[in-house]
Amino acid sequence: MSYPDDLRYSKEHEWVRLDGTRATIGITSFAADELGDIVFVELPEVGATLSQFGTFGVVESVKAVSDLFAPISGEVIEVNEKLRDAPELLNADAFGDGWIAKVELADPTEVDGLMDAAAYADETA
Amino acid sequence: MTYSPHTEADRARMLEAVGVASIEDLFADIPVAVRAGSWGVPPPLAEQEVRAELARLAGRNRIPDVTFLGAGVYRHLIPAVVGEVIGRSEFATAYTPYQPEVSQGTLQSIYEFQSLICELTGMEVATASHYDGATATAEAALMACRLTRRSRVAVSAGVNPDYRRVLQTYCSGPGIEVDTIPVDLADGGDGTTDPAAIERVGEVACVIAAQPNFYGQLEPMQSLADAAHAAGAQFVAVVEPTSLALLEAPGEYGADIVASEGQPLGIPVNFGGPFVGLMAARMASVRQMPGRLVGATRDVQGRKGYVLTLQAREQHIRREKAASNICTNQALMALAATAYLTAVGPAGLREVAELSMTQARHLTAALESAGLAKRRFGGTYLNEVALRVPNAASRHAALAERGIVAGHLLERDQPELRDTLLLVATELTTDDDIERLVSALDETR
């Protein structure tokens with residue numbers, strides 16, 4: 001399996017797309033496939049402060065309820081409201097329409113500690 | 001018939017398999033100093049000796065001729081059909097089966113219970129039930145903390161003191177601070193919670209208030225709900241279920257969570273229960289509800305069926321992150337409530353509530369006109385009333401000797417409520433009961 005080259009990945013199966021001092025975060029297609037049909041996403045609140053590897057939400061599938069772990073620290077500036085009514089976007093397009101939140105980064109260097117696509121592919125192989 | 005399934009030979013083989021010489025060796029890691037010594041258990045008895053011993057113990061129960069004791073547990077008529085339904089072997093099992101393949105009857109009964117509780121409370125969703133009113137109240141507080149991401153709760157002093165103690169216990173683990181909103185308990189005061197006091201408690205997850213409150217007084221629930229909402233808090237209404245046949249439903253005055261003791265709905269007055277806790281909320285909060293829910297669905301052939309819904313949030317799946325690790329369902333008692341509500345119907349429940357209210361007024365009037373008691377508070381009461389009675393403690397004890405329980409002696413837990421009895425009347429309170437109380441109190445004047 002291959003993963004988008006422009007993203008960074010955490011061991012907890014979240015991804016980060018950097019855009020200057022901001023980033024978009026979500027869960028990987030690998031995580032979504034493992035969870036099965038996702039039926040509910042508990043989103044963080046706009047304005048909430050995330051700390052790297054801390055929990056920031058919950059994703060519920062037909063077989064499990066799992067915490068979401070922030071791949072980076074920062075302040076939530078936007079959440080994907082579409083997920084409230086269409087949580088299945090996480091299964092359908094984990095790296096695109098299934099994004100979860102946009103974050104103003106507290107420390108952009110944190111990203112350096114995350115995996116690139118090749119390393120994540122090895123991790124999940 | 002032997003109750004031990006293993007023979008000596010079985011035990012010897014098991015000990016050999018695990019590689020120890022004796023059963024005693026299995027406890028070798030436990031220091032002798034902390035092991036239980038003698039259990040103090042009497043020697044075995046024959047069946048007829050056990051029966052005689054139990055009869056002797058039961059003989060120590062004091063069953064009053066007349067009682068006006070409520071204070072959270074209420075005596076109501078229980079139609080015979082309730083016992084008949086819950087005694088059926090399909091329901092009276094040691095453990096509630098939930099597998100939809102084999103338990104459609106149980107699941108449907110729980111679904112109907114939830115539907116009845118929603119109808120009674122005016123709320124959108126109800127759980128399959130909790131241990132009792134106190135634990136349902138404490139769970140409601142924890143739920144409010146999850147919903148608001150706050151870690152302080154405020155509870156009115158008009159909530160049953162036992163519930164407040166359970167709340168304190170539940171909150172001590174996760175470090176949730178419990179603030180108490182005072183009730184005006186002064187002689188001649190209104191005996192209710194002041195909505196303005198809510199503004200002063202600051203940022204709390206919820207405000208918890210009881211209707212009627214522990215002192216029988218009717219609280220200004222709408223104003224309390226509005227004040228809670230203005231503070232960004234959830235409003236938790238602790239209600240007495242039969243009163244809902246007369247009073248406004250919590251859903252109408254803006255309660256976010258309803259917690260209740262379901263005992264008055266067809267469950268006898270027992271020391272220690274089992275009772276049943278009711279909890280209802282708004283659909284938007286359903287994922288933070290503790291315990292379990294039964295939902296209606298359709299199977300692959302389009303037939304209606306019932307299943308546990310949102311089960312993924314329960315502790316057997318979510319472990320320490322479950323919505324609650326300290327609650328379960330009281331399925332059989334919930335079934336009693338379902339059978340009771342079905343048997344009496346909306347009109348019957350209203351009659352129960354009206355008769356209780358009428359008899360409480362009769363009781364108050366009889367005691368006041370005889371110059372024996374005076375209402376402690378102003379305001380409105382429903383069917384439980386706090387009355388000032390001089391030398392209440394000694395007269396309460398004297399009446400108990402005569403088989404009359406003159407309500408709950410409030411000074412027992414609350415010294416500031418000296419010489420105040422909390423008396424309840426229900427549809428089972430007869431005019432004769434009231435006359436007996438009046439004359440017995442008169443004789444101890």
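Author: Two residues are in contact if their C-beta atoms, placed from the backbone, lie within 7 Å. The model is predicted.

Reader: With that cut-off, how many residues does each chain bring to the contact between chain A and chain B?

Author: Chain A supplies five residues and chain B six residues. On the side of chain A that touches chain B, three are nonpolar, two are charged and none is polar.

Reader: Which secondary structure elements make up chain A, and in what pattern?

Author: Chain A has four helices and nine strands. Along the sequence they follow β-β-β-α-β-β-β-β-β-α-α-β-α. The radius of gyration of chain A is 13 Å, close to the 14 Å from the globule rule for 125 residues, so chain A is as compact as a globular protein of that length. Its C-alpha atoms fill a box of roughly 35 × 35 × 20 Å along the principal axes.

Reader: What share of the residues in chain A is buried?

Author: A residue is buried if 20 or more other C-beta atoms lie within 10 Å of its own. In chain A, 38% of the 125 residues are buried. Of the contacts in chain A between residues at least 6 apart in sequence, 64% join residues at least 24 apart.

Reader: In what order do the strands of the open sheet in chain B lie?

Author: Strands pair if DSSP finds at least two bridges between them. Seven strands of chain B give the order β2-β8-β7-β6-β5-β3-β4, with mixed pairing. The edges are β2 (125-126) and β4 (177-181) of chain B, each paired on one side only.

Reader: Which helix of chain B packs on that sheet?

Author: Helix α8 (residues 221-230) of chain B does, touching β5 (206-211) and β6 (234-239) of chain B. The direction of α8 makes about 150° with that of β6(B).

Terms used: Residues numbered from 1 in each chain as written. Chains lettered and ligands numbered in written order. Predicted model: local features only at pLDDT ≥ 70, side-chain atom pairs only at ≥ 80, totals over all residues. Helix = DSSP H or I, 4+ residues; strand = E, 2+ residues; numbered from the N terminus. Rg over C-alpha atoms; globule rule 2.2 N^0.38 Å. Buried ≥ 20, exposed ≤ 12 C-beta atoms within 10 Å, placed from the backbone. Nonpolar A, V, L, I, M, F, W, Y, C, P; charged D, E, K, R; others polar. Axes fitted to C-alpha atoms, helices over the stretch in contact; angles between N-to-C directions.
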